[in-house]
Structures are given as C-alpha cells and as structure tokens.
Amino acid sequence: MFPIQNGVPHRSAPFVTWSLIAINVAVFLYQVSLSPAALDRFLVEYALIPGRYFVPLPFLPEPTLQDYLPFATNMFLHGGWLHLILNMWTLFLFGPTVEDRMGRSRYLLFYLICGIAASTAHAYFNATSFVPALGASGAIAGVIGAFVRLFPLANLIVVIPIFFFPFFFEVPALLFAGLWFLMQIVPGMIELLRPSVGGGIAWWAHIGGFVAGVLLTPLLTRSIRAYRKYYLDEGIYGFTPNGRR
C-alpha cells in the first residue's frame, strides 16, 4: 500500500522539507562518489553502530560526547537509490502539511528529535549489533505520526499492486498509519525473539520515530491564534481543507 497523494493543503512554501530532501540527496551523491574503502570509513564514522555504545570492548575507549553524533548523522545517510527515493517521496508527501501546521523552526526541531528518538530506539533494541544503521525513515515515521495525529480522518490516495496491476484507493490516514505501524511492530517483535546478525530493516527505528511523532505533535503544533483555519473552498484536488471528500 504505497501513498501517492495527500489531500490536505498547505499554505506556505515547505522550505524546510525541500531543504531536508536536498541535504539527503547531496549526502547520498557524496556517498556514491566514494571508493569502497572510503565509504566503509565514512559509514563507521557517521552511521549508527549500536554495539559501540553497549558492548564493552577492551580495545575501544569509552565513547565521548562526539561519538554520539551518529544518533543524528545517520538519518541523512542511505543505503541505495531505492532507499533514498522511497524515503524522500514519503517526506515530500507528508512533510509540507506538517511543516505548514507547525511552522518552520518547530518542524525542523520536531524532525531532528524524531530522528534521534528513532536512533535511540534502534540502538536500545539492537544493543549488541555492529551493523551500521542508516536512513531517514525513522525521522519520516515521526512525520507520518504527526500527520495522522493532526488529520486522522483525512483521505490518502494509495496504490496497491495486485498481480502487477496498480489499483488506486482512498483510505483514511488513521487506517493507513495503523496498518503501517502494524507492519513495523510485528516484524520488530519477531526480530526480538529471533535476532539476526546481518543487516536488514530497522523496525524499531520506525516504531520509535512514529511514537515520538505522535507524542510531540500536540506540543509543537501552532495554536489556532497563530494559524488561521482554512475556508471550505481552500481544499485541493476535490478534497476539503481537512483532506476529506
């Protein structure tokens, strides 16, 4: 179930969302320009390796404050073109509406906190892993959480491929987010019961980012006084300002 349209309008230009997308793309282009050895060093330096903080190793010194930088920097790294494109598309789809309701500075703070919360959740539930974790999906999960908290009944247009044929549906944001969260929590619990030593999807980063987004949204959304409500004729693509038909 892949979302392709968000019916909730935004009034201001989403400069922070565009900037985040540009930074992620620029960092990835830098990644692909590195030699394999240089890329390995780059990922060891800036990707999140949970075991570095939880597994005592005699040949490694105690981590300093600077060593915790990967909790933030890993959210700007990606493992491949598909990883980057899917994450940036999701951010492009949901980010502008959330940014519009929060304001640019609050939205940037919100995004970074959700990303760090996602990193913390991943590190805690994968404490013995030395596989580098990277990607913006944890922070973007927070944006999805904010969107569903603000507009639970808004309709999203999603595409579902069935036997290689695309079918388009309208689903409420609450249903979409509920199914998405279920698809994170189930494999996340399975992973706890049957740990994997190899790389894979950072389920607990998604869960941590989403939960942080849901909890932080009421604290960072602008009040009605600071943000005028939309009139009924200000919807887009046949949707009302709340994203409904």
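**Entry 1: helix 6 and its neighbours**

I began with the packing of helix 6, whose buried residues pack against helix 1 (15–33), helix 3 (51–54), helix 4 (70–73), helix 5 (81–102), helix 7 (137–150) and helix 9 (203–220). I note at the outset that the model is predicted.

I then looked up which residues of helix 6 are buried. They are Tyr107, Phe110, Tyr111, Cys114, Gly115, Ala118, Ser119, Ala121, His122 and Ala123. I recall that residues three or four places apart in an α-helix point the same way, because the helix has 3.6 residues a turn.

I also checked the span of helix 6. The helix covers residues 104–125, which is 22 residues. From its first C-alpha to its last it reaches 32 Å, close to the 32 Å expected at 1.5 Å a residue.

**Entry 2: the chain as a whole**

I listed the secondary structure and found nine helices and three strands. Along the sequence I read the pattern β-α-α-α-α-α-α-α-β-β-α-α.

I looked up how much of the chain is buried: 44% of its 245 residues. The exposed area comes to about 13,300 Å², and carbon and sulfur atoms supply 71% of that area. Among contacts with a separation of 6 or more, I found that 79% join residues 24 or more positions apart.

**Entry 3: the sheet**

I turned to the strands. The three of them form an open sheet in the order 1-2-3, with antiparallel pairing. Strand 1 (2–6) and strand 3 (165–172) are the edge strands, each pairing on one side only. Neighbouring strands are turned by 30° against each other on average, direction ignored.

I recorded the general point that strands of a sheet pair through backbone hydrogen bonds. Here, strand 2 (residues 155–162) and strand 3 pair in the antiparallel sense over eight bridges. I looked up two of the partners in strand 3: Phe167 is the bridge partner of Ile160, and Val171 is that of Leu156.

I next examined the link between strand 2 and strand 3. The two form a hairpin with two residues between them. In the turn, Phe163 has a positive phi of about 55°.

**Entry 4: helices on the sheet**

Which strands does helix 5 touch as it packs on the sheet? I found contacts with strand 1 and strand 2, and the direction of helix 5 makes about 30° with that of strand 1. Helix 5 is also one of the helices against which the buried residues of helix 6 pack.

Helix 8 (residues 173–193) lies across strand 1, strand 2 and strand 3. I noted that helix 8 runs at about 115° to strand 3.

Key: Residues are numbered from 1 along each chain as its sequence is written. This is a predicted model: local features need pLDDT of at least 70, side-chain atom pairs count only at pLDDT 80 or more; totals for chains, interfaces and linings use all residues. Side-chain values use heavy atoms; hydrogens and water are left out. Helices (H or I, at least four residues) and strands (E, at least two) are DSSP runs, numbered from the N terminus. The expected span of a helix is 1.5 Å times one less than its number of residues. Buried means under 20% relative accessible area, exposed over 50%, partly exposed in between (1.4 Å probe, protein chains only). Contact means heavy atoms within 4.5 Å. Two strands pair if DSSP finds at least two bridges between them. Axes are lines fitted to C-alpha atoms, for helices over the stretch in contact, and angles run from 0 to 180 degrees between N-to-C directions. Accessible areas come from the Shrake-Rupley method with a 1.4 Å probe; for residues, only the protein chains shown count as cover.
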